[in-house]
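Work through the exercises below with the model open. Try each task before reading its solution.

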Amino acid sequence: MSAKTVYFDNNATTAVAPEVLEAMLPFLRDQYGNPSSMYSFAGRSQEAVARAREQTAGLIGASPEEILFTSCGTESDSTAILSALRARPEKKHFITTRVEHPAVLSLGQYLEKQGYTVSFLAVDGKGRLSLDDLAAAITKDTALVSVMFANNETGNIYPVEAIGKLCRERDVLFHVDAVQAVGKIPIDLQALPIDYLALSGHKLHAPKGVGALYVRRGAPFRPFLRGGHQERGRRAGTEAVPNIVALGAACALAAEHTSDENTRVRALRDKLQERLLAEIPEAIINGDPEQRLPNTMNISFKYVEGEAILLMLDQFGICASSGSACTSGSLEPSHVLRAMGVPFTYAHGSLRLSLSRYNTQEEVDFVTATLPKIITRLREISPYKHLADDASPGDGAACACQA
């Protein structure tokens, strides 16, 4: 089994689905026309982009004209947030949370330096956001609220419908980073009060380098990239037709497999969690145990270092992620776990295991047979065993790359 890669890091990126690769190949080889050109050869690329737009819109319950293609989730997030703020230049207040992906968190920190007031809302010990705190934070100067659909580290699903309703009541625009949620749980933007929603292809079995942004019909919009007329003047630059075709195909596949994600994949995740908690003492699950993506588990082991776990897992061909947001050797744990107040002695030993529809029961069995032995070995040599259980999550050396 160790000769095979066991990939449990699907929140970082996913394998390109075979059907997706097949769909994009003709546009890498023969159908290379520029969709903006007028001849019939280019028309095939135009038709392919239009079909991909329909497929992407279909997955999230949007209209095709509400979808514009980007290079990634980060571009989609930046485009939406900066567009909303430029559309309301008289308002200088932006609200987000302390547990956002750096694509939003770092932009919020940048906006502070540009003269905006930014509220970074706290979460509780399970990573949950208080709607009362959000309501109290909104002022007459608030232009935009940005809250992720689901957290990339813990899998927590946030109450975006309730947040959107609150924003509508207060005449505040609402942006959602849904990069981790799209393709894993049902999303219907016809029913959700969301103005802007970002997604990324490589999180749902399309290649890296393509994303999309939903802009609700009637929502104010200012282009981030200016130049040509592409994307109806909303995003300049020649369309990356092969990647756009791939995203559309991946969205169509995801629509077919949403039920599998929420049944079989969830069952694999739950079995993995159950067995690890049963076999490894002093282990905790981080995040909301109920409102969580069906594929995601964030688990912490007391008195071990997450990066050491990863290195030993790698020897067995197992791919996962540490909760640490920084490079090897840092003593600073993830900003998400720190915001949740996870104790220092647990936060450093965090591990994210994220599955996909391509994972199997055999792989779950292999991980549950391997990981307990690794934790036992690391605890035997751990330098953290003497630390107090109530040490602050922020204790230790400062982290230069902290978001």
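**Exercise 1. The open sheet**

Give the strand order of the open sheet of 4 strands and find its edges.

Solution. The model is predicted. Step one is the order: the sheet runs β9-β10-β13-β12, with antiparallel pairing. Step two is the edges. β9 (283-285) and β12 (321-322) each pair on one side only, which makes them the edge strands. Step three is one pairing in detail. β9 and β10 (residues 296-301) are antiparallel and share 3 bridges. A283 has F301 of β10 as its bridge partner.

Now add the helix: which strands does α8 touch, and at what angle to β10 does it run? α8 packs on the sheet through β9, β10 and β13 (350-354). The direction of α8 makes about 10 degrees with that of β10.

**Exercise 2. Helix α8 against helix α12**

Classify the packing of α8 (residues 241-279) and α12 (residues 361-380) by angle, hand and residue class.

Solution. Start with the geometry. The two axes come within 10 Å and cross at roughly 20 degrees. Angles under 35 degrees count as roughly parallel. α8 and α12 are therefore roughly parallel to each other. Their crossing is right-handed.

Next, list the contact. α8 contributes L268, K271, L272, R275, L276 and E279. α12 contributes Q361, V364, D365, V367, T368, L371 and P372. Sorted by class, the contact of α8 with α12 holds 7 nonpolar, 2 polar and 4 charged residues.

**Exercise 3. Helix α9 against helix α12**

Repeat the analysis for α9 (residues 306-315) and α12.

Solution. The axes lie 10 Å apart, and the packing angle is about 130 degrees. That value makes α9 oblique to α12. The crossing of α9 and α12 is right-handed.

From α9, the contact uses A308, I309, M312 and L313. From α12, it uses L371, I374, I375, R377 and L378. The class count for α9 with α12 is 8 nonpolar, no polar and 1 charged.

L371 deserves a second look. This residue of α12 is in the contact with α8, and L371 is also in the contact with α9.

**Exercise 4. Strand β7 and its partners**

Decide how β7 is covered and how it pairs with β6 and β8.

Solution. Begin with burial. 5 of the 5 residues of β7 are buried, so the strand is mostly covered. Then sort the side chains. In a regular strand they alternate between the two faces of the sheet. In β7, Y196, A198 and S200 point one way, while L197 and L199 point the other way. Both sets are buried.

Now the neighbours. β6 (residues 173-177) runs parallel to β7, joined by 3 bridges. β8 pairs with β7 in the antiparallel sense, over 5 bridges. A198 serves as a reference point for both pairings. A198 is the bridge partner of D177, and A198 also stands opposite L213 in β8.

**Exercise 5. Two positive phi values**

Locate H205 and R232, and say for each: buried or exposed?

Solution. Take H205 first. Its phi is near 75 degrees, a positive value in a residue other than glycine. H205 sits in the loop between β7 (196-200) and β8 (211-215). With a relative accessible area of 3%, H205 is buried.

Then R232. Phi of R232 is near 55 degrees, again positive in a residue other than glycine. R232 lies in the loop between β8 and α8. Its relative accessibility is 63%, so R232 counts as exposed.

Terms used
Residues numbered from 1 in each chain as written. Predicted model: local features only at pLDDT ≥ 70, side-chain atom pairs only at ≥ 80, totals over all residues. Heavy atoms only, no water. Axes fitted to C-alpha atoms, helices over the stretch in contact; angles between N-to-C directions. Helix = DSSP H or I, 4+ residues; strand = E, 2+ residues; numbered from the N terminus. Parallel < 35°, antiparallel > 145°, perpendicular 65-115°, else oblique. Left-handed = near helix turned anticlockwise from the far one by under 90°. Contact = heavy atoms within 4.5 Å. Nonpolar A, V, L, I, M, F, W, Y, C, P; charged D, E, K, R; others polar. Buried < 20%, exposed > 50% of the residue type's maximum accessible area, 1.4 Å probe, protein only. Pairing = 2+ DSSP bridges.
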